[in-house]
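Biologist: I have a chain open on my screen and a list of labels I don't want to take on trust. Can we go through the reasons behind them?

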Amino acid sequence: VNAFDRNLKLPRTYQWNLSIEQSLGSNQTVTASYVGAAGRELLRQEQLEFPHPDFTFINFTRNAATSDYHAMQLQYDRRLSRGLQALVSYTWSKSIDTASSDSGLNAPGEFGDPNNDRGPSDFDVRHAFNAGITYDFPTYKRLGSVANAILGHWSVDTIVTMRSATPVDIVGGLG
């Protein structure tokens, strides 16, 4: 059986950010940003086991979940100059919530306190590093038009992505 709170509301999400950017010459910039988000009155589905002799369980949905995200983002950007361009970014973030998986098990016939489940989100990635670098090989007009058509306009691209792992949620039960 699925049931919903009679006072169910639409969830709300608030987002904000602040960035500063500094030029390093005419072709390079460094940016530092703070990004935040807060989810309120999010949907949380709770499962009541054996609430009544006629039902094995009831899934009950209510506005009981919250979420919070905060991040510092750093970025270095070098526009194409002398054949080289680069974009490098690093994010240090934290995501906390009370219902990443939108479900929970409670003792028969009672609702648990959602704040007991507050912790790192299932998708929380604390550290993320990304880099993309491109080098365009120079073309030499002295090679001639045929050789230049074959050997010219080549580039080498490198993409690097590193990130920390998501949290591990250990769930146990008596059985």
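Modeller: What follows is a run through those labels, and keep in mind that this is a predicted model.

Biologist: Let's start with the overall make-up. What makes up the secondary structure of the protein, and in what order do the elements run?

Modeller: The protein has one helix and nine strands. From the N terminus on, the order is β-β-β-β-β-β-β-β-α-β.

Biologist: How do you know how the protein stands against a compact globule of 175 residues?

Modeller: Set the two radii of gyration side by side: a compact globule of 175 residues would come out near 16 Å, but the protein has 26 Å. The box around the C-alpha atoms, taken along the principal axes, is roughly 90 × 35 × 30 Å.

Biologist: And how much of the protein is buried?

Modeller: Buried residues account for 23% of the 175. As for the accessible surface, the total is about 12,400 Å², and carbon and sulfur atoms own 57% of that.

Biologist: Why is Thr-29 called buried?

Modeller: Buried means under 20% relative accessible area. Thr-29 has 5% relative accessibility, so the label buried applies. Thr-29 lies in strand 3. Leaving out residues up to four places away in sequence, Thr-29 touches a set of residues that includes Glu-21, Leu-24, Tyr-76 and Arg-79.

Biologist: Then why is Val-168 called exposed?

Modeller: Here the cut-off is over 50%. Val-168 has a relative accessible area of 73%, so exposed is the right word. You'll find Val-168 in the segment after strand 9. For a sense of distance, Val-168 and Val-88 are 80 residues apart in sequence, and their C-alpha atoms are 28 Å apart in space.

Biologist: What makes you say that strand 2 lies largely in the open?

Modeller: Count the buried residues: strand 2 covers residues 12-23, twelve in number, and zero of them are buried, so strand 2 lies largely in the open.

Biologist: How do you know that strand 2 and strand 3 pair?

Modeller: Two strands pair if there are at least two bridges between them. Strand 2 and strand 3 have twelve, running antiparallel, so they count as a pair. One example is Ile-20, whose bridge partner in strand 3 is Ala-32. The two strands form a hairpin with four residues between them, and Gly-25 in the turn has a positive phi of about 85°.

Biologist: And what makes strand 5 a partner of strand 4, strand 8 and strand 7?

Modeller: Same bridge test, with at least two needed. Strand 4 and strand 5 have 13 bridges in the antiparallel sense, so they pass. Tyr-69 stands opposite Ser-95 in strand 5. Their hairpin has two residues between the strands, and Arg-82 takes a positive phi near 55° there. Strand 5 and strand 8 run antiparallel with nine bridges, so that pair counts too. Leu-84 has Tyr-135 as its bridge partner in strand 8. Strand 5 and strand 7 have two bridges, again antiparallel, and at least two is what the rule asks, so they pair as well. In strand 7, Pro-120 is the bridge partner of Ile-96.

Biologist: Last one: how far apart are the mean positions of the positive and negative charges?

Modeller: They sit 14 Å apart, taken over 15 positive and 18 negative charges.

Terms used: Residues numbered from 1 in each chain as written. Predicted model: local features only at pLDDT ≥ 70, side-chain atom pairs only at ≥ 80, totals over all residues. Heavy atoms only, no water. Rg over C-alpha atoms; globule rule 2.2 N^0.38 Å. Buried < 20%, exposed > 50% of the residue type's maximum accessible area, 1.4 Å probe, protein only. Areas by Shrake-Rupley, 256 points an atom, 1.4 Å probe, with all protein chains shown as cover. Lys, Arg positive; Asp, Glu negative; His and termini not counted. Charge placed at Lys NZ, Arg CZ, Asp CG, Glu CD. Contact = heavy atoms within 4.5 Å.
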